[in-house]
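Student: I'd like to learn how to read a structure like this one, feature by feature. Can we go through it together?
Tutor: Sure, let's bring it up and begin with charged side chains.

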Amino acid sequence: HGTPGGLLLPEEIINSYSVPNIWVNQEGRLVGSYAVGYPLLLAPFEWLGLGLYFPVILCFLSTLIIFRILGFCFSSRRIIPYLLVGLNPWFASFSVYFFSQSAILLLCSIILLRRLRQVSFVLDWALIAAAILIRPPDALILALTLSSWQLITFLFRSQKISRIQWLSPLLMLAAFPLHFLNQKWITGSYLEPTYSVFSRWHKLGFSPDVGILEPWGFNITQAIKNLTLVFLSLNDTLFGWPALGLLPVALAAWFFWTKRTAPHLERMLSFTFLLLCFWFGFYFVYFYPGICLGPRFHFPLFPFFIVISSYGILSLGRFRAAIGMLTLLSLWNCFQWQGRLRDSGGVLSDPMKTIRLIHNEVLDTSTIYVIKEDEDQLQDVTQRSLFSQFHRLNDPFDLQHPKFIKFSDFESHREWFIKKYGERFQILEFKEQNDG
């Protein structure tokens, strides 16, 4: 039985649906650690049986907005920028997943387009209010960027700002009741963040009790290393060009500094670099405890990287043809990168394939597999329980057809399972953890 406060499952099977990001709260209900906004967006599509099309719709809308941005910035020279989007391995690969970052990417694209057009700030703040319910950390970064930009445009008198625009940040207050209520449902406290419950690592700060217990400890050096790793991962995933992914970004910064730029391009570059400073400044603090979040978490930056990369490429003059050839080559990468992209956020693209490789057998869809592993092994953020990779293949709303069961559940309630599901079980034993 589902309620806003969580899903009530039989106690015999509930642990098989409880993983690091989904657990049983104090009332015995299954709850998730995520914000409530993205599920609310997805719910009507699921109700209409169109849930699988939701990422496609987000991708379509984001592409339209990004093309509008590129058309606004580059007018008749938009062919290479369009190709950078249409043949982009990063965009093609991550857009197919049900990631909340895809929704933030759409909101970021709309805000960027509106800042280029210098229209009212009111809708921008409404979009940030929506972002609070989808991804609160990203919403904080957007709020810092937009408030700074609003102040800059006022000080330099580049845009007239009315009183209602100055008051528009108050729109964020509309998201707070549902945001804090969701925290109350999950953690039992209105003020305790959901991430603090399932992981002691997801905290901000610079103290010994924050972070992952690693030999190198918690220090600024580790944060710099993690930031470097993120830039390397973005360099590898942005365009699929070997060792050249971030080169157009560097070119854009160089040309912006050394040559005169049209006013609309100057606004684009200034707003983009301002957001990137806030973005990686925020995550630098987040990196201090030892956490390194992969390219998926920075996916909302895609329109910003595309637009400044396009500026850098188009400023090359006769060398643009070489970049155009590299862009066409990335068409091949669009069909190759699905299996190559790896994200330190822990996404395993095909866990059933992993079982087939380990046990050398084809899985039977009518069989319920009991996952037996060494649950006493010390785990950290990079060594998740193997079972946590398979929980998403279980549908808690369809208890008649579970695919994977924890061995501890099966061993404790063997008679209940056999009575309910019959002799359909097969134990798969793993001596060591395997993250795919």
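**Reading the salt bridges**

Tutor: D124 forms a salt bridge with R115, and their closest N and O atoms are 3.0 Å apart. Keep in mind that this is a predicted model.

Student: What's the general idea behind such a pair?

Tutor: Side chains of opposite charge can pair when their charged atoms come close. The cut-off used here is a Lys or Arg side-chain nitrogen within 4 Å of a carboxyl oxygen of Asp or Glu.

Student: How many salt bridges does the count come to by this rule?

Tutor: Three. Besides the pair you've just seen, D124 and R114 meet through their side chains, at 2.7 Å from N to O. D124 sits in helix 6 (residues 122–134) and R114 in helix 5, so this pair ties together parts that are 10 residues apart in sequence. Then there's D138 with R135, at 3.0 Å from N to O.

Student: Which residues are joined into one network by salt bridges that share partners?

Tutor: R114, R115 and D124.

Student: Is D124 buried or exposed?

Tutor: Buried means under 20% relative accessible area. D124 has 0%, so it counts as buried. R114 is buried as well, and R115 is buried because its relative accessibility is 2%.

Student: And for the other pair, what are the relative accessibilities of D138 and R135?

Tutor: D138 is at 0% and R135 is at 10%. Both values are under the 20% cut-off, so D138 counts as buried and R135 counts as buried.

Student: Let's stay with helix 5. Which residues is S109 in contact with, leaving aside its neighbours within four places in sequence?

Tutor: With that exclusion, you're looking for partners from elsewhere in the chain, and the list is I65, I66, I69 and P303. S109 itself is found in helix 5, and its relative accessible area is 0%, so it is buried.

Student: Now the surface. Which residues form the nonpolar patch?

Tutor: They are W47, L48, L50, L52, Y53, V56, I57, F60, L61, L64 and F98, with about 1200 Å² of accessible area together. To be in a patch, a residue needs over 30% relative accessible area. Try F98: at 38% relative accessibility, it counts as partly exposed.

Student: Which helix gives the most to the patch, and where does F98 lie?

Tutor: Helix 2 (residues 54–74) gives the most, with five residues. F98 lies in the loop between helix 4 (89–94) and helix 5 (100–117).

Student: What about L8, where is it found?

Tutor: L8 is in the loop between strand 2 (6–7) and strand 3 (22–24). With a relative accessible area of 37%, L8 is partly exposed. Check its C-alpha too: L8 and R29 are 21 residues apart along the chain, yet their C-alpha atoms are separated by 4.9 Å.

Student: Last one, the sheet. In what order do the three strands of the open sheet come?

Tutor: For any sheet, look at the order, the direction and the edges. Here the order is 6-5-7, and the pairing is parallel. The edge strands are strand 6 (404–406) and strand 7 (425–429), each pairing on one side only. From one strand to the next, the twist averages 30°.

Student: How many bridges are there between strand 5 and strand 7?

Tutor: Five, with strand 5 covering residues 368–372 and the pair running in the parallel sense. To find one of the partners, start at K372: its bridge partner in strand 7 is E429.

Technical notes
Residues are numbered from 1 along each chain as its sequence is written. This is a predicted model: local features need pLDDT of at least 70, side-chain atom pairs count only at pLDDT 80 or more; totals for chains, interfaces and linings use all residues. Side-chain values use heavy atoms; hydrogens and water are left out. Two strands pair if DSSP finds at least two bridges between them. Helices (H or I, at least four residues) and strands (E, at least two) are DSSP runs, numbered from the N terminus. Axes are lines fitted to C-alpha atoms, for helices over the stretch in contact, and angles run from 0 to 180 degrees between N-to-C directions. Patches are made of residues with over 30% relative accessible area and no salt bridge: like charges are joined within 9 Å, nonpolar side chains (Val, Leu, Ile, Met, Phe, Trp, Tyr) within 5 Å. Accessible areas come from the Shrake-Rupley method with a 1.4 Å probe; for residues, only the protein chains shown count as cover. Buried means under 20% relative accessible area, exposed over 50%, partly exposed in between (1.4 Å probe, protein chains only). Contact means heavy atoms within 4.5 Å.
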